[in-house]
Amino acid sequence: MKKLGHVAVLGTGVIGASWAALFLAAGKRVVVHDPDNRSMDRLNAFVARVWPDLRELDIFSSRTPGKIEFGGSAVEAVEGADFIQESVPEKLEVKHRLYAEIEPYLGQETVLASSASGLMLSELQEAWTDPSRIVLGHPFNPPHLIPLVEVFGNERTGKGVVEATETFYASIGKTTIRLRREVPGHIANRMQAAIWREAIHLAREGVASVEDIDRAISAGPGLRWAVMGPTTLFHLAGGEGGIGEFCNRYGPSFQRWWKDLGNPEFDDETKRIVVEGLQAARNPNAIEELADERDRKLLATLSERRVTRIQVRCGPRNHPHRILHDGTANPMLLHPPEHPAATPPKLAKLKMRALL
Ligand SMILES: NC(=O)c1ccc[n+]([C@@H]2O[C@H](COP(=O)([O-])OP(=O)(O)OC[C@H]3O[C@@H](n4cnc5c(N)ncnc54)[C@H](O)[C@@H]3O)[C@@H](O)[C@H]2O)c1
C-alpha cells in the first residue's frame with residue numbers, strides 16, 4: 001500500500017479538530033475544510049493548546065504547529081488527498097450532500113472514513129455512485145489521545161479498503177477494532193449508552209447525586225476498564241476457575257440486576273436532573289479547564305499503560321520491536337501470516353528509556 005501522506009479533514013468541530021491535530025503531529029500534510037468562518041481561528045487555537053500533549057506521543061514527528069492548510073471548499077480540500085477523515089455533523093442529509101459534492105473529484109485510491117457515531121455505513125453509502133471507498137472510522141473523543149477507532153466495511157466496500165484503513169490508523173498510533181456487522185451506535189457507544197442509561201435512572205430515582213454516580217465509575221470500575229475489558233476482569237474475579245467459575249457464582253446476581261435496570265425516557269425532567277446535577281458538581285463554564293484536566297489524566301494513563309505492558313510482556317531486556325507503539329504486542333511477530341494491520345513498530349520514546 002502506498003504511504004498515505006496527504007490527509008484531508010472535513011469538518012473541524014470537536015472531533016475534526018482533534019483528528020487534524022493528530023494527523024499534523026504524525027507528520028502528514030493536512031488540508032481541512034469547514035464552512036464556519038470562525039473555524040480557522042478555532043482550529044489554530046486548538047492545535048496550539050494540545051500541541052504539548054501531542055509531543056508526548058510516540059508518533060510525534062518534529063513538525064511545528066500552524067501548518068494546517070485550509071481549503072476554500074470541500075472539493076479544494078480533498079484534491080490529491082490519499083485519505084479523508086469526514087467529521088461533519090451527525091446528520092445524514094449533511095453527510096450525503098458533502099459526499100455528492102466531493103465524489104467526482106476523488107482520486108482512484110482515495111479512502112474516506114466517516115467519524116459517524118451512530119449513523120450506519122449502509123446509510124452513508126446511499127449518496128455514493130461508487131460506495132467502495134467509504135468506510136466507517138469511528139474515533140473516541142478526543143481522537144488525538146484515545147487510541148480506539150472502530151472500523152467497518154461491508155459487501156459494497158472495495159477489496160482491501162478496510163485493511164488499508166486499519167494499516168493507516170495503526171501507523172498513527174491508533175488501536176482499531178473491526179465490526180463484523182453493523183448496528184446503530186457501533187460497539188463502544190452502545191456500551192457507553194448502557195452505562196449512561198443506568199446512571200440517569202439512578203439519578204432520577206434519587207439513589208445518589210450525579211456527582212457520586214460519576215465518581216462510582218471514575219474511582220471504581222473505570223480505572224480497571226482503562227487497562228482490561230469487562231469480561232477479562234471478571235475472569236480475574238472468578239478465582240482459579242476464572243470466567244467459568246465467575247459465571248457460576250455471579251451469573252444469577254447479574255440476571256437479577258439486569259431485570260432491575262432502568263429504562264428512562266430522555267424527557268425534560270431527565271435533562272433537568274442531568275444538567276442541574278452536573279452544575280452542582282462542576283463549574284459548567286470551565287469546559288476548557290475540564291478538557292485540560294481530562295487530557296492530563298489520559299496522557300498519564302496512556303504512558304502508564306505502555307510501561308506496564310512492556311514490562312509484563314517483554315521484560316526490560318527483550319527486543320523492543322516486540323511491542324507496537326500503542327503498547328500492545330506486535331502481532332506480526334506473534335502470527336506473521338494472518339495479521340494485515342501490523343506495521344513496523346516505533347517505541348514510546350520516553351518510556352523505554354526508563355526501562356533499559
Ligand atoms: N463529539 C463526539 O464525542 C464524537 C465522538 C466520535 C464521533 N463523533 C462524530 O463526529 C462527527 C462530528 O461530530 P462533532 O462532535 O465534531 O460535531 P461538531 O458540530 O462539533 O463539528 C462539525 C463541524 O462540521 C462543520 N461542517 C458542517 N457542514 C460541513 C461541510 N459540508 N463540510 C465541512 N464541514 C462542515 C461544522 O461547521 C462544524 O464545525 C459526527 O458524525 C459525530 O457523530 C462525535
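**Strand S1, its partners and the ligand shell**

Strand S1 (residues 6-10) is largely enclosed by the rest of the structure, because four of its five residues are buried (20 or more other C-beta atoms within 10 Å of a residue's own, with 12 or fewer for exposed, partly exposed in between, and C-beta atoms placed from the backbone). Helices (H or I, at least four residues) and strands (E, at least two) are DSSP runs, numbered from the N terminus. The model is a predicted one, in which local features need pLDDT of at least 70 and side-chain atom pairs count only at pLDDT 80 or more, while totals for chains, interfaces and linings use all residues. Residues are numbered from 1 along each chain as its sequence is written.

S1 pairs in the parallel sense with strand S2 (residues 29-33) over five bridges, pairing being taken as at least two DSSP bridges between two strands. From S1 the chain passes through helix H1 (residues 14-25) to S2, a right-handed β-α-β crossover (clockwise from the first strand over the helix to the second, with the strands pointing away from the viewer). Within this pair, Leu 10 lies opposite His 33 of S2. S1 also pairs with strand S4 (residues 83-86), again in the parallel sense, over four bridges; here Val 7 faces Phe 83.

Beyond S2, Pro 35 sits in the loop leading to helix H2 (39-54). Pro 35 counts as exposed because it has 10 C-beta neighbours inside 10 Å.

Turning to the ligand, 25 residues surround it, and Gly 11, Gly 13, Ile 15, Ser 117 and Asn 141 come nearest (the cut-off is a C-beta atom, placed from the backbone, within 6 Å). H1 contributes the most to this shell, with three residues.
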